Amino acid sequence: MTKPGDVIEISGLNKWYGDYQALKGIDLNVAHGERIVVCGPSGSGKSTLIRCVNSLEEHDSGRIVVDGIEMIDNDSINAIRSEVGMVFQQFNLFPHLSILQNLTLGPMKARGMSKADADARAMEYLERVRIPDQAHKKPSELSGGQQQRVAIARSLCMEPKIMLFDEPTSALDPEMISEVLEVIVDLAEEGMTMIVVTHEMGFARRAADRMIFMDHGEVIETGTPIEFFEAPKTERCKQFLSQILQH
Ligand SMILES: Nc1ncnc2c1ncn2[C@@H]1O[C@H](COP(=O)(O)OP(=O)(O)OP(=O)(O)O)[C@@H](O)[C@H]1O
Ligand SMILES: [Mg+2]
């Protein structure tokens with residue numbers, strides 16, 4: 001069911017890798033400004049799902065509509081990609097470029113911005129992720145937490161309407177996790193629509209409007225964080241929560 005405020009509409013989404021079905025008839029609508037946290041066991045299809053949303057993976061059947069654009073051909077894929085930012089577990093920064101150059105590359109190459117405008121925008125987003133003082137360093141001179149904040153700022157420089165995060169803190173040392181989560185919470189509070197794959201349940205309680213639990217390529221359970229944590233409905237979800245909340 002599509003509602004007028006929905007910015008992502010996924011229906012009957014199927015994805016196969018060879019003869020393995022990684023996504024089985026996923027239906028998911030995300031409202032404008034909604035914050036979704038996706039969790040579930042390894043191999044349940046979390047990454048595949050969000051990678052389908054910006055067409056990093058091609059889906060086999062079903063519909064994906066992002067901000068009113070149905071993903072059907074290269075033009076629609078390009079239009080959707082320009083509205084969707086993605087942050088991965090690995091930061092994927094260019095090692096030979098400065099932080100500032102990493103941030104200005106997209107806006108200058110893909111959006112035709114002048115260097116002065118791209119620099120100004122990059123500095124604005126470095127302020128937002130709280131590391132403007134690192135602009136002239138190389139990625140290798142930054143901590144993992146700082147590099148991930150650069151990766152977030154780099155996505156924001158393209159001014160996406162939607163942000164997708166795939167386990168953005170799982171490659172970080174424990175002491176750097178919270179500085180990255182704080183930045184994502186800030187974004188959430190500013191009203192960014194986001195889907196975050198994470199097992200950081202403290203973050204989920206703070207920032208999520210809705211939890212999605214996946215297993216074996218299906219959405220097994222959805223609910224508000226309170227419903228989800230206090231009263232999980234399915235055995236699989238209870239088991240999963242008891243495993244991750246032990247740590
Ligand atoms: N490129 C690929 N080729 C073949 N199989 C794949 C590929 N990518 C993922 N898969 C399979 O699809 C299933 C879902 O993978 P996916 O990466 O979406 O899981 P996940 O929930 O993100 O897991 P994790 O928590 O480990 O990141 C897994 O069984 C995985 O082995
Ligand atoms: Mg994954």
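**Sheet arrangement and largest pocket**

Strands β6 and β7 run parallel and are joined by 4 bridges. In this pairing, which belongs to a predicted model, Val 87 stands opposite Phe 165 of β7. Strand β7 is in turn joined to β8 by 5 bridges, and these two strands also run parallel. Phe 165 has Val 196 as its bridge partner in β8. Between β7 and β8 the chain passes through helix α6, and the resulting β-α-β crossover is right-handed.

The surroundings of β7 were examined next. Of the 5 residues of β7, 5 are buried, so this strand is largely enclosed by the rest of the structure. The term buried here denotes a relative accessible area under 20%. Burial applies to both faces of the strand: Ile 162, Leu 164 and Asp 166 are buried on one side, and Met 163 and Phe 165 are buried on the other.

These strands form part of an open sheet of 6 strands, in which the order is β6-β7-β8-β3-β9-β10 and the pairing is mixed. The edges are formed by β6, comprising residues 84–87, and β10, comprising residues 218–223, each of which pairs on one side only. From one strand to the next, the twist averages 20°. Within the sheet, strand β3 (residues 35–39) and strand β8 (residues 193–197) run parallel and are joined by 4 bridges. Val 37 stands opposite Val 196 in β8. Val 196 is also the bridge partner of Phe 165.

Helices pack on this sheet. Helix α6, spanning residues 174–189, touches β3, β7 and β8, and its direction makes about 150° with that of β8. Helix α9, spanning residues 235–245, packs on the sheet through contacts with β3, β9 and β10. The direction of α9 makes about 100° with that of β9. Strand β3 is thus named among the contacts of α6 and among those of α9.

The largest pocket was also characterised. The space within this pocket amounts to about 530 Å³. Its lining consists of 22 residues, and those nearest the centre are Val 84, Gly 85, Met 86, Ser 155 and Met 158. The elements that contribute two or more residues to the lining are β6, α3 (99–109) and α5 (144–156). Helix α3 gives the most, with 4 residues. Strand β6 therefore has a place in two parts of this description: β6 is an edge strand of the sheet, and β6 contributes to the lining of the largest pocket.

Methods. Residues numbered from 1 in each chain as written. Chains lettered and ligands numbered in written order. Predicted model: local features only at pLDDT ≥ 70, side-chain atom pairs only at ≥ 80, totals over all residues. Heavy atoms only, no water. Pairing = 2+ DSSP bridges. Axes fitted to C-alpha atoms, helices over the stretch in contact; angles between N-to-C directions. Contact = heavy atoms within 4.5 Å. Buried < 20%, exposed > 50% of the residue type's maximum accessible area, 1.4 Å probe, protein only. Right-handed = clockwise from strand over helix to strand, strands pointing away. 1 Å grid on protein atoms, 1.4 Å probe; cavity = no way out; pocket = protein on both sides within 12 Å on 5 of 7 lines; lining within 4 Å. Points joined across faces, edges and corners; volume = space filled by probe spheres on them.
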